[in-house]
Amino acid sequence: MGIRVNPDIYSLVLSGLQTNSQQENQALQQVSTGQKLNSISDDPAAAASIVTLRMESSSDTQYLQNITTLTGSLQTAGSALSSVVEALTSAQTLGVEGATATTNTENRQALAQEVQGLQQQILGLANATYNGQYLFSGTATTTQPYVADASAASGVTYNGNENTNSVEISDGQAMPTSLPGSQLFSNSTTNVFQSLQDLYTALTNNGDVASATTEVQNALNYVSTQQTFYGNSVDRLNNAQTFLTQEQTQLTQTESSALDVDMAKAITDLSQGVTTQQALLAAGAKISQLNLFSYLPSS
Amino acid sequence: MSSLFGTMSVALRSLLAQQGAMGVTANNIANANTPGYSREVAIMEESPPTLMGNTMVGTGVTMEKVESVRDNILNLRIDQETSQQSSLGSYLTSMNQVQALFNETQGAGLQTDLSNFFNSFQSLTTDPTSSSLRQATITAGQDLAGAFSQTSQNLATIQQGLDQSVVQTVQQVNQLTAQVADLNQQIQTVSNAGQNPGSLEDQRDQVLKTLSGLIDTAVVYSDDGTATVTTTNGTLLASGNQSDALTTQLDSATGMNQVLAQGTDITSTIAGGQLQGFINARDEGIPSAQTSLDNLAASLISAVNQQQNAGYDMTGTTGAKGADFFTPFTPSVAGSNAGAAAAMAVAITDPDQIAASSDGTKGDNGNATALAGLQDKAIVSGQTAGSYYSNLIDQVGNTVSNSTSEQEAIGLVLQQLTNQQSAVSGVSLDEEATNLIGYQRAYEAAARVISTVDELVSTTINMFTPSS
C-alpha cells in the first residue's frame with residue numbers, strides 16, 4: 001500500500017476556488033475603480049509617495065493662483081506707470097513750448113494750468129489701487145500713498161513706506177508684488193512731483209522754464225527705467241506659470257503611474273480568474289462523481 | 001479434532017465480527033462529511049485457540065475493539081498554526097479599520113486638509129488685508145483641526161471596540177476550557193469502562209481547535225486519556241476535570257482591560273489566537289498610529305502659534321502681536337503629546353487676528369509668508385509635516401501588508417497540514433466500499449459454513465431415523 005491520500009477532494013477544490021475568487025475580486029476591484037491601489041496596504045511606499053506628490057501638486061495649484069492674482073496687480077501697476085510716463089511726456093512738451101521766446105506770459109499762464117491738470121492726473125495714478133489695495137504705498141497697502149499738500153515743496157506728501165511685499169510663485173522663488181512710490185517716483189537727484197511743481201511755478205512766475213523742463217525730462221527718464229520692473233515681472237510670472245504647468249503634468253503622470261491600473265493586465269487577470277474557476281468547478285464536478293459504490297451492483 | 005457444534009460457533013463468531021465491522025464501516029460512511037470526524041477501524045483478532053487432545057484448534061475471530069485513526073502531533077501543529085492565523089486575522093480586521101481612516105488612495109486622510117491649510121496662508125500673502133482670505137484661513141485651520149480630532153477619536157473608538165472584544169474573547173476561552181474539562185472527565189469514564197472514547201475525543205479535538213483560534217494553546221495528553229491545556233507560556237487553562245477561568249480587569253492607567261490568570265496579569269504573554277490579535281491592535285497598532293498623529297498635531301499647533309506670535313494682526317489702529325492660532329496643547333504627562341490631535345481646535349475667531357504682518361503695517365505680508373513657509377520647514381521630528389504624515393501612511397500600510405503576507409503564508413501551511421490530517425483521519429468512500437465487500441463476503445461465507453454444518457448435523461440425525 002502506498003501513502004494514504006486525502007480522500008476529501010472537495011476541500012482541495014474549495015480552497016482552490018477560494019484562492020481564485022480572492023484574486024478575481026482584486027482584479028474586479030481594480031477594473032471597477034480604475035486603480036491598482038485601493039488601500040494603502042496594497043503598496044505602502046506608493047501610497048506614501050502619493051501623499052507627497054499631491055502636496056506638491058496642491059502647492060503648485062496655489063502658486064498658479066498666486067501668479068494669476070499677481071499678474072493682475074502687476075499689469076494694473078504697469079499700466080498706471082505707463083500713463084504717468086505719458087503725462088510726463090505731455091508736461092515736458094508743455095515745458096518746451098513755454099521755454100520758447102515767442103510764448104508770452106498769458107500763454108505761459110495757460111500752459112501752467114495744463115501742467116496743473118497733469119499734476120492732478122499723476123497724483124491720481126500714483127494712488128492707483130488693485131482689489132482696493134494701494135499699489136504704490138510700499139507694504140502699507142491700506143494707506144493712500146500721496147496726498148496733495150500745499151505746504152510741501154513738491155505739493156504732495158508721501159504717506160507710504162519703503163518696504164515691499166513678496167509672494168512665492170514657486171518653491172523658494174519669491175517675487176516683489178510692487179515697488180513703493182517713494183522709489184518709483186523719486187530718488188536722490190530727481191522727483192516727479194517736485195519737477196512738475198517747479199515747472200508750474202516757473203510758468204506761472206515767468207521763471208526759468210528751460211531748467212524746470214530739464215528737470216521734468218530727468219523725471220521722465222527715471223520713471224521710464226522703473227517701468228521695466230513691471231515688464232520683467234510679468235515675463236517672470238509667465239515663465240513660472242509655464243514651469244508650474246509642466247511640473248503639474250509631470251506630477252499627475254507620476255501619481256497616475258503609482259495609482260492607476262494597467263487596464264489590459266487587470267482584465268487579463270480577471271478573465272484568467274474566470275477560466276481557472278471554470279476549470280476548478282469542472283474538475284470538482286467530475287471527481288466527485290467517482291467512487292467505488294457507483295460500480296457495485298445495486299441488487 | 002473439532003466438533004460440528006464447535007465449527008458452528010466459530011462461524012457464528014465470524015458472523016458477529018463481520019456484522020460489527022460492517023457497523024463500523026456504516027458509521028464511517030455516515031460521517032464521511034462530518035467536520036472533525038476521525039475514521040474508525042474495527043480491530044479483528046483471532047479468538048484464543050483451545051486445546052483439543054494434543055492439537056491447538058482455532059476458535060475463530062472476535063472484533064477486539066474499535067479504534068479512531070488520529071495523529072495527535074499533527075493535530076497539535078494544526079492548532080498552533082490556527083492560533084497564529086487567528087491572531088493575524090483579528091489583528092488585520094482591526095488594522096484594516098485603522099488604515100481606512102488614512103486611505104489616501106481613495107481621498108480619505110489628512111493630506112487635503114494639510115495642503116489647504118498651508119495654501120490658505122500662501123493665498124493670504126497675495127492680499128494680506130482681505131477679510132475673505134483671512135476668513136478662508138480660519139476655515140482651513142478649523143477643517144484641519146477637525147480632521148485631526150475626528151481621526152483621533154475614530155482611532156479611540158476602534159480601540160474601545162477592541163477592548164470589548166478582548167473581554168468577550170476571554171469569556172469564550174473560559175466556556176471552551178470548561179468544555180475541555182467536562183469532556184476530559186467523560187473520556188476518562190468511558191476509557192475506564194474499556195470502551196472507545198473516539199467520538200468524545202473527536203469532540204474534544206474540535207473544542208481544542210476552536211480554543212486555539214482564540215488563544216495560544218499547548219496540549220499534553222495523559223495515559224488516562226485526559227488532556228492538559230496551557231498557554232504556550234505555561235498558564236494553566238484546563239487539567240483533568242478542572243478548568244481555570246481567566247478574568248479581565250480594567251487598568252485605570254490605560255483605560256483598557258488586562259487579562260488575568262489567578263490574579264496575575266498575563267496580557268503581554270498571550271502569544272496567539274484572536275485574543276492576541278485584538279491585544280496587539282489595541283496596545284500596539286492603534287497606539288502607534290495615534291502617537292504619530294498626536295506628534296504631528298502638537299508640532300503643527302506649536303509651530304503655527306509660535307509664528308503667529310511673531311507677527312502682528314490687523315486689530316485696532318496699529319495692529320497687535322499675534323495671538324495663538326490654535327488652542328495651545330498642554331500635555332497631561334510631561335513630554336507626551338497624547339491627546340494633542342483629539343483636542344486640536346482653532347483659538348481665534350476674528351479674521352483680523354491673523355498675524356499676516358511682520359512689522360505691524362497693515363498690508364505687510366511678511367508673517368503670512370512665514371506661516372505658509374512652515375509647510376517646507378522641519379517642524380516635527382526633523383521632518384516637514386507632509387513627509388512625517390507620508391511616513392505615517394507608509395507605517396500603517398506596511399503593518400497591514402506585512403500581516404497579510406504572513407497570514408497568507410500561514411494559510412498555505414495550514415492547508416498543507418489539514419490535507420495531511422485528512423489523509424490520516426478522513427473517510428475514504430472507496431476504502432469503505434472495499435471493506436464493506438470484504439465483510440459482506442466473509443459474512444456470506446460464514447453463513448454458508450453454518451448451513452453446511454446444519455446439513456451435516458441433519459445428515460447425522462437422519463442416520464437414526466428408522467427407514468419407512
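This passage walks through the contact between two chains and then through two helices. The model is predicted: local features need pLDDT of at least 70, side-chain atom pairs count only at pLDDT 80 or more, and totals for chains, interfaces and linings use all residues. Residues are numbered from 1 along each chain as its sequence is written, while chains are lettered from A and ligands numbered from 1 in the order in which they are written.

A good place to begin is the interface. Here 46 residues of chain A are in contact with 46 residues of chain B, contact meaning that C-beta atoms, placed from the backbone, lie within 7 Å. On the side of chain A that touches chain B, helix 1 (9-33), helix 2 (44-99) and strand 5 (166-170) each supply at least two residues. Helices (H or I, at least four residues) and strands (E, at least two) are DSSP runs, numbered from the N terminus. Helix 2 of chain A gives the most to this side, with 16 residues.

Helix 5 of chain A comes next. Ten of its 13 residues are buried, that is, with 20 or more other C-beta atoms within 10 Å of their own, the C-beta atoms being placed from the backbone. Among them are A:F193, A:L196 and A:Y200. The buried residues of helix 5 pack against helix 2, helix 3 (105-126), strand 4 (156-158) and helix 6 (209-259) of chain A. After helix 5 of chain A comes A:N206, whose phi is positive, near 55°.

In chain B, helix 3 is largely enclosed by the rest of the structure, because 14 of its 16 residues are buried.

How values were computed
Contact = placed C-beta atoms within 7 Å. Buried ≥ 20, exposed ≤ 12 C-beta atoms within 10 Å, placed from the backbone.
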